[in-house]
Every structure is written in C-alpha cells, then in structure tokens.
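The model shown here is predicted. The text below goes through its strands and how they are paired.

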Amino acid sequence: MDDRLSIHSLLLTMGTPNVYYKAPINTSIIYPAIMYNKSNIKNTHANNIVYNQNNEYTITVISKTVDDVLVSNISKLPKCRFDRDFINEGLYHNVFIFYY
C-alpha cells in the first residue's frame with residue numbers, strides 16, 4: 001500500500017492533478033489524465049524463498065492532444081520504459097511500464 005501511495009504522490013508531480021489508480025467506475029475522468037495499475041510482481045528466489053520483490057506498474061497517459069507534456073515527463077522517470085501508444089475514442093494513449 002505504501003508503494004502505491006508513493007507512486008501516486010510521484011505521479012501528481014508530473015503536471016496534472018488527474019491521477020487515477022485503476023480505472024475508476026462511475027467517475028468522470030478529466031483529461032489529460034494519468035491512470036496506473038499494478039501489472040506484475042517479479043520475485044527473485046534463493047534457497048526456496050523470495051528474497052527480493054519488484055512491482056511492475058502500467059502507467060497510461062490519456063490526452064486530447066498528441067504531444068502532451070505528460071508523456072515527456074513520465075518517460076524521464078527512473079526505471080520507466082515506453083511500451084506503446086494508441087488512439088481510442090479520439091483520445092491519445094501512451095503506455096509506460098514502471099518498476100518500483
């Protein structure tokens with residue numbers, strides 16, 4: 001839980017107050033927006049136990065413009081890599097993988 005709240009606080013510094021964990025239900029999303037969710041947990045094992053655990057988050061920047069500054073800001077985060085982009089219902093989506 002602390003990791004997620006730390007990530008949420010970090011994402012709030014990227015340039016928009018519209019940061020959502022998972023897809024909100026019955027919530028009107030204001031764009032540009034950042035949506036994120038945990039997408040994987042990577043365990044490192046030794047002696048049949050987990051000795052290190054890294055969480056992988058998917059961060060999606062959703063904007064009405066193709067060149068939103070949020071994309072540049074997110075791409076500069078440490079341990080973050082660009083995954084893909086697409087357009088859906090006239091909105092531009094840029095997806096990143098972030099390790100925390």
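**The sheet and its strands**

Five strands make up an open sheet, arranged in the order β1-β2-β3-β5-β4, and their pairing is mixed. At the edges stand β1 and β4, the latter covering residues 80-88. Each of these two has a single partner strand, so one side of each is left without a neighbour in the sheet. On average, neighbouring strands of this sheet are turned by 25° against each other, direction ignored.

Strands of a sheet pair through backbone hydrogen bonds, and the pairing can be parallel or antiparallel. Both kinds appear in the pairs described next.

Start at the β1 edge. Strand β1 spans residues 19-21 and runs parallel to strand β2, residues 33-46, with three bridges joining them. Within this pair, Tyr-20 is opposite Met-35 of β2.

Next comes the pairing of β2 with β3. Strand β3 covers residues 49-63, runs antiparallel to β2 and is joined to β2 by 13 bridges. Two positions show how the residues line up: Asn-40 has Glu-56 of β3 as its bridge partner, and Asn-43 is bridged to Gln-53 in β3.

What connects β2 and β3? The two strands form a hairpin, with two residues between them. In the turn, Asn-47 has a positive phi of about 55°.

In the strand order, β3 is followed by β5 and then by β4, which brings the path to the other edge of the sheet.

Key
Residues are numbered from 1 along each chain as its sequence is written. This is a predicted model: local features need pLDDT of at least 70, side-chain atom pairs count only at pLDDT 80 or more; totals for chains, interfaces and linings use all residues. Side-chain values use heavy atoms; hydrogens and water are left out. Two strands pair if DSSP finds at least two bridges between them. Helices (H or I, at least four residues) and strands (E, at least two) are DSSP runs, numbered from the N terminus. Axes are lines fitted to C-alpha atoms, for helices over the stretch in contact, and angles run from 0 to 180 degrees between N-to-C directions.
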